[in-house]
Every structure is written in structure tokens, then in C-alpha cells.
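Reader: Please take one part of this predicted model and go through it closely, stating the cut-off behind each term as you use it, and then connect that part to whatever else deserves the same care.

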Amino acid sequence: MKLNADDRLFVLTGAGISAESGLATFRGSGGLWNGHRVEEVATPEAWQANPELVWRFYSMRRRDAMAAEPNAGHKALAAIEQKLGERFYLCTQNVDDLHERAGSKRVHHMHGTLFQSRCERCAVPFADKGIYESADTLPLCEKCGHAVRPHIVWFGEIPLDMDGIYRELERATVVLVVGTSGSVYPAAGFVGIANQRGIRTIYVGPEEPLNADAFDEIVLGTAAEMLPRFAS
Ligand code: APR
């Protein structure tokens with residue numbers, strides 16, 4: 001991927017970039033957790049019906065992410081950011097912290113972050129690595145006593161700072177999308193916005209995403225295999 005001195009790179013990543021760090025994708029490998037579809041434990045309705053189940057799911061994901069290490073794909077994006085500085089913007093659908101641990105700075109987690117929680121009522125996110133796996137250990141707000149939930153954007157909720165994302169898309173000159181199936185909107189629509197502006201779009205992943213037709217280039221291969229070539 002050749003970039004000119006005045007190019008601005010917008011990167012969108014999905015679960016696939018963390019696959020080679022050992023974190024399962026959602027729609028591969030059956031996409032089930034304890035017999036539940038992920039969509040069934042990642043909704044406001046699931047939270048209302050069974051907060052213990054939801055917290056067990058996110059506690060498991062916290063454990064898995066803490067045990068994982070960034071891979072060559074995460075590191076390559078951090079190396080590209082080193083070169084581009086503020087002309088680089090990384091929007092991730094992932095809630096793990098592997099981009100940050102690889103050295104990325106300009107990262108926006110549009111679907112929230114695994115290591116923050118927030119009170120349902122006070123709504124202010126705070127750092128939290130807690131593991132909550134039984135009904136009597138579920139966290140309550142220290143200030144108001146209401147339930148504390150994961151700081152995650154669930155299905156049916158609005159992704160974080162969409163205005164900021166669209167601003168970056170408006171000024172990007174190249175859009176690079178890595179490891180996302182193209183099935184969850186609004187992220188799956190970013191490539192369409194790039195097309196309206198006539199800018200270059202590239203997809204990297206081992207298989208074509210659902211929105212493959214929208215890309216100028218499809219680079220078939222894994223993130224850890226392909227992204228280091230982009231960084232050199
Ligand atoms: N390198 C790059 N891509 C990979 C790799 C890899 N090593 N392994 C798998 N992939 C690709 C798959 O081919 C697939 O297209 O990663 C994609 C993962 O797709 P999904 O599981 O659908 O994940 P994602 O697109 O990130 O899901 C979007 O849906 O569940 C919600 O909110 C959750 O952020 C998530 C959103």
C-alpha cells in the first residue's frame with residue numbers, strides 16, 4: 001500500500017485482526033457461546049432479562065483478552081501510525097485493548113471497551129477489570145446503588161462518537177478495512193461513504209466480506225501475514 005505524503009489513512013478493524021491473538025471472531029466457528037448466539041447476550045433485552053448471564057459473558061471476554069497478546073497485524077498498524085502521525089485514524093469495532101497494547105494511540109472504540117464499565121443511571125464510564133460471575137457478586141454503583149453494566153455498545157444501541165468517525169471519513173484519502181465480515185452497520189457502510197467520495201478502499205482478510213463488491217481492492221490473507229507488508 002503506497003501512501004503519498006499528503007494521504008490521510010482511515011482504518012476500520014473488526015474481530016478478525018484479533019483472531020491470530022487467540023480471540024474468537026463472532027460469526028466464524030459457529031458463533032456460539034454456551035449455546036447462546038452472541039446477539040442473545042449482547043443486547044439491552046438480555047441485560048434486562050439476565051444480567052448475570054451478560055456479566056458471565058463479558059467476564060469471560062475480559063479473561064480471554066487479558067491473556068491475549070497483540071499480533072503482527074496490530075503492531076503493523078501501530079508502525080503505520082508512527083509514520084503518519086495525525087494523518088492516521090483507527091476506528092475499531094473491537095472491544096479488546098490489543099491495538100493500544102501494540103502501541104496505537106489514535107484509536108476509537110466505536111462499540112465500547114471491555115475494560116470499562118458504567119452505572120446504568122450515572123452513565124459515566126470508569127476503568128474496570130472485574131470478573132463478575134455469580135448473581136451475588138454483580139457490581140453496583142458506589143454513588144447511587146444502581147446496577148453497573150459493561151461499557152459496551154450492544155445490538156440496538158448507537159455506536160460511540162459517530163460524528164467524530166464521519167468527520168475522519170470525510171477527510172480521509174484512503175480507507176483500509178481489516179478483518180470484519182461487513183455484516184454489522186453502521187461500520188459496514190463506511191466503505192460506501194468512501195465510494196461516494198471516490199477515495200481508494202482496500203479490504204484485508206482471509207475471505208471476502210459480505211460487502212466485497214464495494215471495495216477497490218481485496219487482499220486475501222490474514223492480518224498478521226498481510227499488514228506487515230503494508231507497513232514496510
Ligand atoms: N485476519 C483478518 N481477518 C480475519 C482473520 C485473520 N486472521 N480471521 C478471520 N478474519 C475475518 C473473517 O473472515 C470475518 O470476515 O474476520 C471477520 C470476522 O467477522 P465477524 O466475526 O462478523 O466480526 P466483526 O465483523 O468484527 O463483527 C462486527 O458484530 O458481534 C458484533 O459488536 C460485535 O464488533 C462486532 C460486530
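Author: Helices (H or I, at least four residues) and strands (E, at least two) are DSSP runs, numbered from the N terminus. With that in place, start at Ala-123, which is found in the loop between strand 6 and strand 7 and has a phi near 65°, a positive value in a residue other than glycine. Most residues other than glycine have a negative phi, and most peptide bonds are trans. The model is predicted, so local features need pLDDT of at least 70 and side-chain atom pairs count only at pLDDT 80 or more, while totals for chains, interfaces and linings use all residues. Residues are numbered from 1 along each chain as its sequence is written, and side-chain values use heavy atoms, with hydrogens and water left out.

The two strands that flank this loop, strand 6 (residues 112-119) and strand 7, pair in the antiparallel sense over 2 bridges, where pairing requires that DSSP find at least two bridges. Within this pair, Gln-116 stands opposite Ala-127 in strand 7. Both strands belong to an open sheet of 3 strands with the order 7-6-8 and antiparallel pairing. Strand 7 (126-127) and strand 8 (148-152) stand at the edges, each with a single partner strand, so one side of each has no neighbour in the sheet.

A second backbone feature is the cis peptide bond from Tyr-185 to Pro-186, with omega near 10°; Pro-186 is placed in the loop between strand 9 (174-178) and helix 7 (190-196).

Turning to the ligand, 21 residues surround it, each with a heavy atom within 4 Å, and Phe-26, Arg-27, Thr-180, Ser-181 and Glu-207 come nearest. Polar contacts are pairs of N or O atoms within 3.5 Å: a ligand nitrogen is 2.8 Å from an N or O atom in the side chain of Glu-20, a ligand oxygen is 2.6 Å from an N or O atom in the side chain of Thr-180, and a polar side-chain atom of Glu-207 lies 2.7 Å from an oxygen atom of the ligand. The protein covers 90% of the 740 Å² of accessible area that the ligand has on its own, computed by the Shrake-Rupley method with a 1.4 Å probe.

Notes. Polar contact = N/O pair within 3.5 Å; in protein donor to acceptor, adjacent residues only side chain to side chain.
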